[in-house]
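Work through the exercises below with the sequence and the structure side by side. Try each task before reading its solution.

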Amino acid sequence: MEIEKTLFDAHRARFASIDGFLPEAAPAPVVGERVDAATAAGVQVTGVVQRQLHGPDDVPLLWSAADVRQLFPFIGNTGTEGMDVLLRAWRAWMDAESPGEDSSCVVNWPSRDAEAIRAFLDHGLVPMSALAVRAGGHRDAPDAEGVAVRRARRDDFDTVLAMAVSTHDYIGQVATRHRPNAAELLAPALERALDKDLPLLWLAERDARIAAFAHGAWITSSPGSAEAELLPHGRWGYVNNVVTLPGLRGSGLGRTLMSVVHKEFAADGADGTYLYYNPTNPLSSVFWHRQGYRPLWTSWEVHPASALR
Ligand SMILES: CC(C)(COP(=O)(O)OP(=O)(O)OC[C@H]1O[C@@H](n2cnc3c(N)ncnc32)[C@H](O)[C@@H]1OP(=O)(O)O)[C@@H](O)C(=O)NCCC(=O)NCCS
């Protein structure tokens with residue numbers, strides 16, 4: 001979809017000034033429906049709405065509604081007012097839609113744009129998840145005593161699956177909705193990971209009992225790739241699912257596990273690591289910041305989609 005050049009140039013300049021770690025702002029999506037608005041001074045702003053539908057067996061249901069309408073805003077340097085009038089126009093556009101209960105309105109936006117946050121909150125959107133990066137320069141706290149970290153093996157499958165499901169169960173309370181078929185949705189990726197010679201699955205043991213788990217992946221952000229819209233170019237270690245058994249949380253297992261994960265990613269040439277966490281998660285929101293991560297993009301969401309104000 002074509003966006004007016006002066007508006008897009010202002011959009012790009014605004015992103016660059018908000019956060020120096022953001023990659024160059026991506027052009028407007030090719031597919032979608034356009035929503036237009038103007039500020040009181042007559043400055044035009046625009047957005048593209050894309051719809052994504054997920055079936056009951058689709059993995060994105062682990063973190064997403066089944067029926068998603070995502071807005072890609074282009075507000076140049078109009079700040080709170082520009083985002084506000086655009087969200088108002090989107091609300092009016094939504095009046096013609098009839099989304100069901102398992103639906104959402106989503107805007108993924110640079111975390112540090114404080115002016116936009118005012119508008120998101122005023123329209124009923126909440127910070128559902130954030131992409132956070134850790135790119136060097138962080139000093140780890142010392143490891144906990146008596147914790148051994150190793151890669152998972154094929155015969156750990158049942159444990160690994162139960163741990164991954166328990167992360168989902170916890171997040172189901174504090175952020176995205178709980179899915180009763182989480183085990184079926186999570187199992188294939190864990191099986192594929194365990195089939196590798198050196199799976200990117202780590203287990204922390206204390207007293208010879210498995211106590212914490214982390215799942216990782218390699219992601220490359222290269223020119224023109226989808227990843228390059230979110231992350232600076234480079235080879236990134238992606239941290240996908242981390243959990244400590246409920247009774248053992250707060251005793252240094254997560255910290256000790258992640259110090260091995262970070263060291264091993266760095267030793268294999270990662271430019272940095274990144275992950276998604278939920279700002280409303282009272283455990284992970286604190287834990288990841290102390291681990292040296294900071295938010296780059298925040299996914300502002302309202303569930304169901306009809307609740308957009
Ligand atoms: C996030 C999580 C993996 C951290 O693992 P952990 O083993 O508790 O981590 P640590 O003990 O190393 O650090 C937890 C921090 O919380 C504090 N804490 C204290 N009591 C705690 C308790 N009862 N429960 C949790 N954390 C506690 C610790 O003091 C520690 O802070 P510190 O840096 O001052 O040491 C764990 O809380 C968890 O499993 N949460 C539920 C699933 C989840 O949210 N996963 C992350 C998805 S992004």
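**Exercise 1. The chain as a whole**

Task: Describe the surface, the secondary structure and the overall dimensions of the protein chain.

Solution. Keep in mind that this is a predicted model.

Step 1. Start with the surface. The accessible surface of the protein chain comes to about 14500 Å². Carbon and sulfur atoms hold 54% of that area.

Step 2. Count the elements. The protein chain has seven helices and 11 strands. Its radius of gyration is 20 Å, and the globule rule gives 19 Å for 309 residues. The two values are close, so the chain is as compact as a globular protein of that length.

Step 3. Add the dimensions. The C-alpha trace spans about 65 × 40 × 30 Å along its principal axes.

Step 4. Look inside. Of the 309 residues, 52% are buried. Now take contacts between residues at least 6 apart in sequence: 73% of them join residues at least 24 apart.

Step 5. Finish with charge. The chain carries 29 positive and 38 negative charges. The mean positions of these two sets are 5 Å apart.

**Exercise 2. The annotated region**

Task: Which residues does the UniProt domain annotation cover, and what is the helix and strand content over that range?

Solution.

Step 1. Read the record. The unreviewed UniProt entry carries the annotation "domain: N-acetyltransferase" for residues 147-309.

Step 2. Turn to the model. Over residues 147-309 the chain is 33% helix and 31% strand. The end C-alpha atoms of this range are 49 Å apart.

**Exercise 3. Two loop residues**

Task: Is Gln291 buried or exposed? Decide the same for Pro142.

Solution.

Step 1. Place Gln291. It sits in the loop between helix H7 (284-290) and strand E11 (294-302).

Step 2. Apply the cut-off: buried means under 20% relative accessible area. Gln291 has 5%, so it is buried.

Step 3. List its partners, leaving aside neighbours within four places in sequence. Gln291 is in contact with Arg134, His138, Arg255, Met258 and His262.

Step 4. Place Pro142. It belongs to the loop between strand E5 (126-134) and strand E6 (147-151).

Step 5. Exposed means over 50%. Pro142 has a relative accessible area of 65%, so it is exposed.

Step 6. Check a distance. Pro142 and Met258 are 116 residues apart in sequence, and their C-alpha atoms are 11 Å apart in space.

**Exercise 4. Backbone exceptions**

Task: Find where a peptide bond is cis, and work out what stands out in phi at Asp207 and Ala208.

Solution.

Step 1. Recall the usual case. Most residues other than glycine have a negative phi, and most peptide bonds are trans.

Step 2. Go to the segment after E11, where Pro304 lies. The peptide bond from His303 to Pro304 is cis, with omega near -10°.

Step 3. Move to the loop between strand E7 (201-206) and strand E8 (209-221), which holds Asp207. Phi of Asp207 is near 50°, a positive value in a residue other than glycine.

Step 4. Ala208 lies in the loop between E7 and E8 too. Ala208 is not a glycine either, yet its phi is positive, about 60°.

Step 5. Check exposure. Asp207 is exposed at 69% relative accessible area. Ala208 is exposed at 74%.

**Exercise 5. Three helix residues**

Task: What are the helices, relative accessible areas and C-alpha distances of Phe15, Val261 and Arg192?

Solution.

Step 1. Phe15 is in helix H1 (residues 5-18). Its relative accessible area is 5%, so it is buried. Phe15 and Ala25 are 10 residues apart in sequence and 6.5 Å apart, C-alpha to C-alpha. Beyond neighbours within four places in sequence, Phe15 is in contact with Leu22, Ala25, Trp109, Pro110 and Trp297.

Step 2. Val261 is in helix H6 (residues 253-267). At 1% relative accessibility, Val261 counts as buried. The C-alpha atoms of Val261 and Leu201 are separated by 9.1 Å, with their places 60 residues apart along the chain. With neighbours within four places in sequence left aside, Val261 is in contact with Trp202 and Ala214.

Step 3. Arg192 is in helix H5 (residues 182-194). Its relative accessible area is 54%, so Arg192 is exposed. Arg192 and Val239 are 47 residues apart in sequence and 16 Å apart in space, C-alpha to C-alpha.

Notes. Residues numbered from 1 in each chain as written. Predicted model: local features only at pLDDT ≥ 70, side-chain atom pairs only at ≥ 80, totals over all residues. Heavy atoms only, no water. Helix = DSSP H or I, 4+ residues; strand = E, 2+ residues; numbered from the N terminus. Rg over C-alpha atoms; globule rule 2.2 N^0.38 Å. Buried < 20%, exposed > 50% of the residue type's maximum accessible area, 1.4 Å probe, protein only. Contact = heavy atoms within 4.5 Å. Areas by Shrake-Rupley, 256 points an atom, 1.4 Å probe, with all protein chains shown as cover. Lys, Arg positive; Asp, Glu negative; His and termini not counted. Charge placed at Lys NZ, Arg CZ, Asp CG, Glu CD. UniProt positions renumbered as here; feature names shortened; annotations may be inferred.
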